[in-house]
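This report walks through a single protein chain, moving from individual residues to the overall fold and then to a pocket. Please keep the sequence and the three-dimensional view at hand while reading.

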Amino acid sequence: ASSIRAPCPGSMLAQRQSMRAATSTCAPHRIGARARPSAVCSAGKGFGVNAKPAAITPAELLAAPCSCGSSLSYANCCHAFITKKAKPPTAEALLRSRYTAYVLKNPDYIADTTSPESQEHPGSRNTYIQSVKTLQRRAEWKGLTIYKQESPNPDETFINFAAAWIDKATDATKVMSRDEDSHFVRDKQRTWWYMGSKLPEKPEEQPAGFAGFQMPKINLGF
C-alpha cells in the first residue's frame with residue numbers, strides 16, 4: 001500500500017501548508033462604520049505573511065451601513081441605484097451613490113452617470129473607465145460630508161461637499177480631506193447626470209499625484 005510522505009521542513013509544500021494554517025485563523029474585523037470589513041490574521045511562527053482583506057459576502061454588504069454616510073444600510077440606500085433597479089431621484093442621491101461606487105470599485109456606474117457632455121468625459125467610455133480605475137486603486141475612501149446645495153432651477157443642482165481619503169500612492173498613513181462643488185443636471189427623462197466639479201484654487205490643497213489625472217480629468221467630484 002502506498003503511503004503519504006510528510007513534506008520536508010523548509011520545502012515549498014511545507015511553506016504553503018504553513019501559510020494555509022496561518023490564514024485559517026482569520027476573524028472578521030470592522031474598522032469604522034464606513035470601512036469595508038477586513039481580516040486580522042496571525043501568521044505562523046517564523047512566517048511573516050501579511051493578511052489579505054477577507055471578502056465580504058453580498059448579504060453582509062447589503063446589511064452594512066452605506067458608505068455614503070446616510071446612516072441607512074446599503075440595501076436601503078445606494079444599492080438600488082448602483083444596480084440600476086432605480087434612478088437616483090435627486091442630485092444628492094446621485095452624488096452619494098457615485099461616492100459609494102468609488103468605495104465599492106464600480107467604475108461602470110461612474111461612467112454611466114457622467115454626462116457625455118461633461119468636460120471630464122473624453123468621449124471614449126473605455127478611456128474614462130480606465131482613469132476611474134486608476135483613481136480607485138490608489139484611493140481608500142474614509143468619508144463623505146455634504147455641506148450645502150443650491151438649485152438655480154428644478155433641473156440643476158450644485159452641491160458643496162468634502163471627501164476624506166488616503167492616497168496609497170503617496171502616504172498610506174495620512175488622511176486627506178478637501179471641499180469641492182459638484183454640478184448636476186436632469187434631462188427630459190428625469191435622469192440626473194454628473195456634469196463636473198470645481199477643484200480648489202490653492203495648489204497646496206491638491207494632493208500629490210492627483211494633478212496627473214488629465215485625460216480625462218478625474219476630480220474627486222462625485
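Is Arg178 buried or exposed? The model is a predicted one, and in it Arg178 counts as buried, because its relative accessibility is 4%, below the 20% under which a residue is called buried. Arg178 is found in strand S5, which covers residues 175-186. Its C-alpha atom lies 9.2 Å from that of Trp165, a residue 13 positions away in sequence.

## Overall architecture

The chain holds six helices and six strands, and read from the N terminus these elements follow the order α-β-β-α-α-α-α-α-β-β-β-β. Of the 222 residues in the chain, 38% are buried. When contacts in the chain between residues at least 6 apart in sequence are considered, 50% of them join residues at least 24 apart.

The accessible surface of the chain amounts to about 12,900 Å², and carbon and sulfur atoms account for 54% of that area.

## Aromatic residues

A search of the whole structure yields four aromatic pairs. One aromatic cluster is formed by Tyr99, Tyr102, Trp141 and Trp165, so named here because ring centres within 6.5 Å are taken to pair. Trp165 of this cluster is also the residue whose C-alpha atom is 9.2 Å from that of Arg178.

## Helix H4 and its surroundings

Thr100 has its place in helix H4, which spans residues 91-103, and is buried, because its relative accessible area is 1%. Leaving aside residues up to four places away in sequence, Thr100 touches Cys66, Ser67, Cys68, Tyr74, Cys78 and Ile82. The C-alpha atoms of Thr100 and Gly143 are 9.9 Å apart in space, while the two residues are 43 positions apart in sequence.

Leu95 also lies in helix H4, and at 0% relative accessibility Leu95 counts as buried. Where along the chain does Tyr194 have its place? Tyr194 is in strand S6, and at 0% relative accessibility Tyr194 likewise counts as buried. From C-alpha to C-alpha, Tyr194 and Leu95 are 7.9 Å apart, although 99 residues separate them in sequence. Leu95 and Trp193, which are 98 residues apart along the chain, have C-alpha atoms separated by 9.4 Å.

## Two loop lysines with positive phi

Lys84 lies in the loop between helix H3 (79-82) and H4, and has a positive phi of about 65 degrees although it is not a glycine. Lys84 counts as exposed, because its relative accessibility is 57%, above the 50% that marks an exposed residue.

Lys105 lies in the loop between H4 and H5, and this residue, not a glycine either, has a positive phi of about 60 degrees. With a relative accessible area of 44%, Lys105 is partly exposed, because that category covers values between the limits for buried and exposed residues.

## The second largest pocket

Which residues line the second largest pocket? The lining is made up of Phe81, Lys84, Ala86, Lys87, Pro88, Leu94, Tyr109, Asp112, Thr113, Thr191, Trp192 and Trp193. Helix H5 (107-112) and strand S6 (192-198) are the elements that give two or more residues to this lining. By residue class, the lining divides into seven nonpolar, two polar and three charged residues, and the space that lies in the pocket is about 200 Å³.

Several residues of the lining take up threads from the earlier sections. Lys84, one of the lining residues, is the exposed loop lysine with the positive phi of about 65 degrees. Trp193, also among the lining residues, is the partner whose C-alpha atom is separated by 9.4 Å from that of Leu95, a residue that lies in helix H4 and counts as buried.

Definitions and conventions. Residues are numbered from 1 along each chain as its sequence is written. This is a predicted model: local features need pLDDT of at least 70, side-chain atom pairs count only at pLDDT 80 or more; totals for chains, interfaces and linings use all residues. Side-chain values use heavy atoms; hydrogens and water are left out. On a 1 Å grid over the protein atoms alone, a cavity is a set of points where a 1.4 Å probe fits but cannot get out, and a pocket is an open set with protein on both sides within 12 Å along at least five of seven lines; lining residues have an atom within 4 Å of a point. Grid points are joined across faces, edges and corners, and a volume is the space filled by probe spheres set on the points. Helices (H or I, at least four residues) and strands (E, at least two) are DSSP runs, numbered from the N terminus. Ala, Val, Leu, Ile, Met, Phe, Trp, Tyr, Cys and Pro count as nonpolar, Asp, Glu, Lys and Arg as charged, and the others, Gly among them, as polar. Rings of Phe, Tyr and Trp (its six-membered ring) pair if their centres lie within 6.5 Å; planes under 30 degrees apart count as stacked, over 60 as edge-to-face and the rest as tilted. Buried means under 20% relative accessible area, exposed over 50%, partly exposed in between (1.4 Å probe, protein chains only). Contact means heavy atoms within 4.5 Å. Accessible areas come from the Shrake-Rupley method with a 1.4 Å probe; for residues, only the protein chains shown count as cover.
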